[in-house]
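Thank you all for coming, and please have the sequence and the structure open while I talk. I will start with a single residue and then widen the view, so do stop me if you lose the place.

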Amino acid sequence: MDRTHRTRSIEAATSPGSAAVSRRARLRDDLEQVILGEAERVFADKGFDGATVSDIAEAAGLSKQNLMYYFPSKQALYERVLDDVLDDWLRSMNALAHSDLPMPQALRLYIQAKLEFSRRRPAGSRVYALEVISGAKQYAQQIKSKVVPVLRKDIATLNRWMEPRQVKVSAEHLMFAIWAATQSYADFATQMQLVTGRSSLSDAFFAQAQETLTQMVLGALGSAEASA
């Protein structure tokens, strides 16, 4: 079943009197997910300014009017996409501040989670990157309230581990480097494909990236414990 046919089937099933309320609610949720998935891809390709509600409606197999029944404006849809992206992203990155593991193991899991998000949800990563690159004009307050506290907590956790070991590396800059390196596998995937001659980035490619980045970070910490 193509996307337009599937969308129309969901719309029909959510019309009054078509089914039980619980089924209509479930199908409404399914349609919202179709819209959000297509919106994520359109915003990743065109950015907030370049994307239109009509573009997203067409991609989702809906009329503009029907899409706006679910999301009344492009801004509301954009914010919901970024909300979903960040909620997914931040859930996967609890290996530092919320872990009792030794720091080298926690960092390894942290890098793995960041790369896995880039592999699994590259369009979402690019939507966030484009928002930040453009000056966070639409989503600055949410970034301050959602992302900044998590990053600061991770930096503080890393500092607490580094200070008694007299590691001469800035925890702040190390975290910036981890974020930049791991996110590049989504945001600059096309460049990597062109350089390597690949049509797509394979699981083996990501596994190699994970091991390389992990060894770079642990090497920067410079202790026997870190390299164990």
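Let us begin with Arg-121, which sits in the loop between helix H6, residues 103-120, and helix H7, residues 122-133. Before I go on, I should say that what we are looking at is a predicted model. Is Arg-121 buried or exposed? Its relative accessible area is 17%, and because buried means under 20%, Arg-121 counts as buried. If we set aside residues up to four places away in sequence, Arg-121 touches Glu-40, Asp-84, Val-85 and Asp-88. With one of these, Asp-88, the arginine also shares a polar contact, in which the two side chains are joined at 3.0 Å.

Now let me step back to the whole protein, which has 12 helices and 0 strands, so that reading from the N terminus every element in the run is written α. Of its 228 residues, 42% count as buried, and the surface that the protein exposes comes to about 12100 Å², with carbon and sulfur atoms supplying 52% of that area. If we take the contacts with a separation of 6 or more, residues 24 or more positions apart account for 65% of them.

With that in mind, we can turn to the interior. The largest nonpolar core has 65 residues, and those with the most contacts inside it are Ile-35, Phe-43, Leu-77, Leu-107 and Met-175. Which helix gives the most to this core? That is helix H2, residues 21-50, which contributes 9 residues. The core also draws at least three residues from each of domain 1, residues 8-79, and domain 2, residues 93-227.

Let us follow one of those core residues, Ile-35, whose contacts beyond its neighbours within four places in sequence are Ile-56, Ala-60, Leu-62, Leu-67, Tyr-70, Phe-71 and Leu-77. One name in that list, Leu-67, deserves a visit of its own, and you will find it in helix H4, residues 64-70. Leu-67 is buried, with a relative accessible area of 1%, and, again leaving aside the neighbours within four places in sequence, Leu-67 is in contact with Ile-35, Val-53, Ile-56, Ala-57, Leu-62 and Leu-77. For a sense of distance, Leu-67 and Ser-54 are 13 residues apart in sequence, while their C-alpha atoms lie 8.9 Å apart in space.

A second pair of this kind starts from Ser-92, which is in the loop between H5 and H6. Ser-92 is partly exposed, with a relative accessible area of 25%, and although Ser-92 and Ala-113 are 21 residues apart in sequence, they are 5.9 Å apart from C-alpha to C-alpha.

Next, please look at two of the helices. How far apart are the end C-alpha atoms of H9? They are 24 Å apart, and this agrees with the span that its 17 residues should have at 1.5 Å a residue. In H9, the buried residues include Leu-174, Met-175, Ile-178, Trp-179 and Thr-182. An α-helix has 3.6 residues a turn, so residues three or four places apart point the same way. The buried residues of H9 pack against helix H5, residues 74-91, as well as H6, H7, H8, helix H10, residues 189-196, and H11.

Helix H11 itself covers residues 203-221, and its 19 residues reach 27 Å from the first C-alpha to the last, which is close to the 27 Å expected at 1.5 Å a residue. Among its buried residues are Phe-205, Phe-206, Ala-209, Leu-213, Val-217 and Leu-221, and just after the helix Gly-222 takes a positive phi of about 70°.

That brings me to my last topic, which is positive phi at residues that are not glycine. Ala-136 has a positive phi of about 50°, and its place is in the loop between H7 and helix H8, residues 140-162. Gln-166 has a positive phi of about 55° and belongs to the loop between H8 and helix H9, residues 171-187. Which of the words buried and exposed fits each of them? Ala-136 is buried, with a relative accessible area of 15%, whereas Gln-166, at 61% relative accessibility, counts as exposed.

How values were computed. Residues numbered from 1 in each chain as written. Predicted model: local features only at pLDDT ≥ 70, side-chain atom pairs only at ≥ 80, totals over all residues. Heavy atoms only, no water. Helix = DSSP H or I, 4+ residues; strand = E, 2+ residues; numbered from the N terminus. Buried < 20%, exposed > 50% of the residue type's maximum accessible area, 1.4 Å probe, protein only. Contact = heavy atoms within 4.5 Å. Areas by Shrake-Rupley, 256 points an atom, 1.4 Å probe, with all protein chains shown as cover. Polar contact = N/O pair within 3.5 Å; in protein donor to acceptor, adjacent residues only side chain to side chain. Core = buried A, V, L, I, M, F, W, Y, C linked by side-chain atoms within 4.5 Å. Domains from an automatic or database assignment. Expected span 1.5 Å × (residues − 1).
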